[in-house]
Amino acid sequence: MKHAVGLNSGTDALWLVFLALGIKPGDEIITTANTFFATAEAIWIARAKAVFVDCDPKTSNIDPARIEAAITPRTRAIVPVHLYGLCVDMKAVSEIARKHKLFVVEDDAQAIDGHGADWKQGQLSDAVCTSFIIQKNLGTFGDGGAVVTNRDDIDATVRRLRNHGSTVRSVHSMGYNSRLDDLHAAILGVKLRHITRWTDRRREIARRYSRGLEGTSFKLPYEPPGYRHVFHLYVIETPRRDALEKHLLEQGVDVKLHYPIAIHQQEGYPWGQLADARPNVPNCERNAAQCLSLPMFPELTDAEVDYTIEKCVEWDRKNR
Ligand SMILES: *Cc1c(COP(=O)(O)O)cnc(C)c1O
């Protein structure tokens, strides 16, 4: 990619790209309701209207086949979220965007170092936004983010906006303070050298989980042929999620939920009509009710992974 602009967060990365693209209050942006809150928040900060399209239950990602039905004359952009570390089918998304003259901004906060079948993030969109908060696959020791783009205009605008509207010393137009901290940038520079190895280990752990959980009643993560899923999260789904969560926590397995409350189910939604009041997203709602994230980080030992598998399989046999 031609440009990378370091920023303070993934949220500001999305928001500043929206500004750079000239997104105006009342414009509509299509995205998914089962994502980390920041995706919708950035749309809200830009005073655009989030329009939620349901996900594909197989991948948990936005279902490209449902996007066209959500397009209106006010639609300006699509924000595919590469959820859990699996890329959205960007070929399908970019085709729809080209046909309807829409911008595409990738939310790549969870899929750094991944790729699609024969394409990478950024090749089929206007810009890629990512986050370097500590718990992401490539993290600082605090907050951070970036915009990566081949478009000179987006690069120039985001670069100016992040630094008080200034690119030449003492000369300002209006902007913000959204810079990546130098200390965090230095940490990223070191960690960047290890990201491929860390991703490979995550994939190995995921394969071990998937082999071990084969034949259980759980829905397991799916990786389309040729994709590189980076397993930011390893998420299984079960209708008896709350009971399994309780069981695993009691057995000392640190499971978490990503994300048990879909965006449109959050308190206060739709925040002054800046979103779709009642989106038709049953798959996102099922995902929120059934998702369970098993422990996933490169330093997990095989024995720890096997212990989690054993506890899951045991529970499934008794409770299916
Ligand atoms: C982490 C994340 C963001 C942005 O996070 P920041 O905390 O602002 O860096 C945006 N979208 C998704 C899907 C994320 O997981």
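**Entry 1: unusual backbone**

I began with Tyr259, which I located in the loop between helix H7 (241-250) and helix H8 (282-290); helices (H or I, at least four residues) and strands (E, at least two) are DSSP runs, numbered from the N terminus. The model is a predicted one, in which local features need pLDDT of at least 70 and side-chain atom pairs count only at pLDDT 80 or more, while totals for chains, interfaces and linings use all residues. Residues are numbered from 1 along each chain as its sequence is written, and side-chain values use heavy atoms, with hydrogens and water left out.

I noted that the peptide bond leading from His258 to Tyr259 is cis, its omega being near 0 degrees. I then found Pro270 in the loop between H7 and H8, where a cis peptide bond with omega of about 10 degrees joins Tyr269 to Pro270. I also looked up Ser60, in the loop between strand S3 (49-53) and strand S4 (75-78). Ser60 is not a glycine, yet its phi is positive, near 70 degrees.

**Entry 2: the ligand**

I listed the residues around the ligand (near means that a heavy atom of the residue lies within 4 Å). There are 14 of them, and Gly10, Thr11, Asp107, Ser131 and Lys136 come nearest. Helix H1 (10-20) and helix H2 (38-45) each supply at least two residues of this shell. I sorted the shell into 4 nonpolar, 8 polar and 2 charged residues; Ala, Val, Leu, Ile, Met, Phe, Trp, Tyr, Cys and Pro count as nonpolar, Asp, Glu, Lys and Arg as charged, and the others, Gly among them, as polar.

Next I looked up polar contacts with the ligand (pairs of N or O atoms within 3.5 Å). A polar side-chain atom of Thr11 is 2.4 Å from a ligand oxygen atom. For Gln110, the distance from a polar side-chain atom to an oxygen atom of the ligand is 2.9 Å. An N or O atom in the side chain of Lys136 lies 3.1 Å from an oxygen atom of the ligand. The ligand on its own has 390 Å² of accessible area, of which the protein covers 93%; the areas come from the Shrake-Rupley method with a 1.4 Å probe.

**Entry 3: pocket and cavity**

I searched for empty space on a 1 Å grid over the protein atoms alone: in a cavity a 1.4 Å probe fits but cannot get out, a pocket is an open set with protein on both sides within 12 Å along at least five of seven lines, and lining residues have an atom within 4 Å of a point. The ligand takes up the space of the largest pocket, which holds about 740 Å³. Its lining has 38 residues, with Gln135, Lys136, Asn137, His232 and Leu233 closest to the centre. I counted 16 nonpolar, 14 polar and 8 charged residues in that lining. H1, H2, strand S6 (127-131), helix H6 (195-213) and strand S9 (291-294) each supply at least two of its residues.

How many cavities of 30 Å³ or more does the whole structure have? I found 1. The largest cavity holds about 110 Å³ of space. Among its 15 lining residues, Thr59, Ser60, Tyr84, Pro221 and Tyr222 lie nearest the centre. The lining of this cavity divides into 9 nonpolar, 3 polar and 3 charged residues.

Key: Polar contact = N/O pair within 3.5 Å; in protein donor to acceptor, adjacent residues only side chain to side chain. Sits in = over half its atoms within 2 Å of the grid points. Points joined across faces, edges and corners; volume = space filled by probe spheres on them.
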